[in-house]
Amino acid sequence: MPAPLDQTPVIIDTIPMVPMEKLNAITERFQYLEARMAEGLSGDEIAALGREYAELKPVVDEIASYQQLLDDIAEAELMMDDPDMRELAEEELPALRERLPEMEQSMRLALLPKDAADARPAMIEIRPGTGGDEAALFAADLLRMYQRYAESRGWSFDIVEQSLSELGGIKEVTVHVKGEGVFARLKYESGVHRVQRVPETESGGRIHTSAATVAVLPEAEDVDIQIEPGDLRIDTMRASGSGGQHVNTTDSAVRITHLPTGIMVVSSEKSQHRNREIAMQVLKARLYDLERQRVDSERAADRKSQVGSGDRSERIRTYNFPQGRMTDHRINLTLYKLDQIMGGDLDEIVDALTAEAQAAQLADLDA
């Protein structure tokens with residue numbers, strides 16, 4: 001456990017960009033949580049404290065590293081007054097001071113407000129847009145891309161609802177993804193993905209443009225969304241099957257309509273009980289996402305994030321197969337590694353989008 005910052009002598013007692021009072025307050029809060037969790041609390045309370053503890057841990061580790069650098073600088077400056085140590089200090093001090101701006105920047109990033117949903121599982125919904133059969137096939141390609149990305153990060157990837165086209169494309173699919181930092185890594189995928197390629201259905205070799213829409217929703221917890229029973233209409237109906245794969249012959253499909261918003265969710269697995277669970281899970285995620293969008297719109301009514309507004313109709317990315325090129329239009333990022341990207345190698349794109357979002361946050365703080 002890191003020592004409180006005020007217990008260690010530091011010659012550099014304040015950095016304008018990183019207020020020491022705030023760092024002390026964070027460290028003290030972390031120590032309080034650590035002490036409380038050691039007292040043996042009830043399940044709900046320990047879970048809530050544990051979540052806050054996990055969120056603060058990387059910040060406190062960053063603070064400890066920052067504090068250690070300040071201490072090293074202070075010690076080297078004291079050594080300058082000792083004739084026997086002066087030569088060593090003159091050698092070490094420039095390198096230590098050179099690290100300070102980078103460490104301050106790391107501290108500022110660590111202190112940025114966190115999206116409360118970043119650590120949550122996510123629901124991915126993929127639907128074909130313009131382009132007919134080719135759009136449905138591209139939607140299936142996107143599904144495989146995200147599945148491979150999830151596998152590379154050790155996440156679970158469960159298809160909860162899927163409807164296939166006759167050619168093996170995707171009419172509609174909903175996926176539940178669980179793991180560490182899922183929503184934080186996937187949240188910038190929401191929007192229209194455009195593909196340019198020669199379709200398998202095209203005999204003339206002409207390049208076609210089609211699209212698919214991706215929506216990434218953070219999983220909602222019961223405390224996030226309160227749904228009144230009277231706000232729901234639940235219908236049971238005959239499932240239509242999965243594009244010729246199999247057809248349910250029982251009235252097991254469930255359609256839940258949220259009357260105040262008009263949001264409708266359908267689940268058509270074989271178990272009616274399981275369909276209710278799936279439909280409610282997806283409905284809560286959509287309602288939670290709707291509320292998040294409302295809050296974000298109020299908070300930033302006069303501007304949009306540089307990495308996109310999250311609008312599902314926004315064209316965010318183009319995949320050009322003839323040129324092996326992917327372009328993310330929000331940050332003008334172009335990569336000529338399309339095969340790797342479609343194989344689930346998304347980290348370079350996600351890291352660039354995250355860095356751009358953080359830069360926008362820092363600019364807002366400095367404004």
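This passage describes strand pairing, salt bridges and surface charge in a predicted model. Residues are numbered from 1 along each chain as its sequence is written, and side-chain values use heavy atoms, with hydrogens and water left out. Because the model is predicted, local features need pLDDT of at least 70 and side-chain atom pairs count only at pLDDT 80 or more, whereas totals for chains, interfaces and linings use all residues.

Secondary structure elements are taken as DSSP runs numbered from the N terminus, with helices (H or I) of at least four residues and strands (E) of at least two. Two strands are treated as paired if DSSP finds at least two bridges between them. Burial is expressed as relative accessible area, where buried means under 20%, exposed over 50% and partly exposed in between (1.4 Å probe, protein chains only).

Strand E7, which spans residues 253-258, is largely enclosed by the rest of the structure, because five of its six residues are buried. Strand E6 (residues 232-237) runs antiparallel to E7 and is joined to it by six bridges, and within this pairing Asp-235 stands opposite Arg-255 of E7. E7 is also joined by five bridges to strand E8 (residues 263-267), again in an antiparallel arrangement, with Met-264 of E8 as the bridge partner of Thr-257. The connection between E7 and E8 is a hairpin with four residues between the two strands, and Gly-262 in the turn adopts a positive phi of about 80°.

A further set of antiparallel pairings is centred on strand E10 (residues 325-328). In a regular strand the side chains alternate between the two faces of the sheet. In E10 both faces are covered, as Arg-325 and Thr-327 on one side and Met-326 and Asp-328 on the other are all buried. Strand E9 (residues 315-320) is joined to E10 by four bridges and runs antiparallel to it, with Asn-320 having Arg-325 as its bridge partner in E10. These two strands form a hairpin with four residues between them, in which the turn residue Gly-324 has a positive phi of about 60°. E10 is joined by three bridges to strand E11 (residues 333-335), and this pair is likewise antiparallel, with Asp-328 standing opposite Leu-333 of E11. E10 and E11 also form a hairpin with four residues between them, and here Asn-332 in the turn has a positive phi of about 55°.

Salt bridges were assigned where a side-chain nitrogen of Lys or Arg lies within 4 Å of a carboxyl oxygen of Asp or Glu, a rule that gives a count of 22. One of these joins the side chains of Glu-39 and Arg-36, at 2.7 Å from N to O; Glu-39 counts as exposed at 52% relative accessibility, whereas Arg-36 counts as buried at 19%. Asp-235, the residue placed opposite Arg-255 in E7, forms a salt bridge with Arg-233, in which the closest N and O atoms are 3.5 Å apart. Asp-235 is partly exposed, with a relative accessible area of 21%, and Arg-233 is also partly exposed, at 41%.

The side chains of Lys-337 and Glu-348 meet in another salt bridge, with an N to O distance of 3.2 Å. This pair links distant parts of the chain, since Lys-337 lies in the loop between E11 and helix H7 (338-342) and Glu-348 lies in helix H8 (residues 347-366), 11 residues apart. Lys-337 is buried, with a relative accessible area of 19%, while Glu-348 is partly exposed at 41%. In addition, Glu-125, Arg-127, Glu-172 and Arg-286 are linked in a network of salt bridges.

Surface charge was examined through patches, made of residues with over 30% relative accessible area and no salt bridge, in which like charges are joined within 9 Å. Glu-75, Glu-87, Glu-91 and Glu-92 form a negative surface patch, to which helix H3 (residues 86-110) contributes the largest share, three residues. Glu-91 lies in this helix and counts as exposed at 60% relative accessibility. Asp-61, found in helix H2 (residues 43-79), counts as partly exposed at 36% relative accessibility. Asp-61 and Thr-27 are 34 residues apart in sequence, with a C-alpha to C-alpha separation of 9.5 Å in space.

Definitions and conventions:
Patches are made of residues with over 30% relative accessible area and no salt bridge: like charges are joined within 9 Å, nonpolar side chains (Val, Leu, Ile, Met, Phe, Trp, Tyr) within 5 Å. Accessible areas come from the Shrake-Rupley method with a 1.4 Å probe; for residues, only the protein chains shown count as cover. Lys and Arg count as positive and Asp and Glu as negative; His and the chain ends are not counted. The place of a charge is taken as NZ of Lys, CZ of Arg, CG of Asp or CD of Glu.
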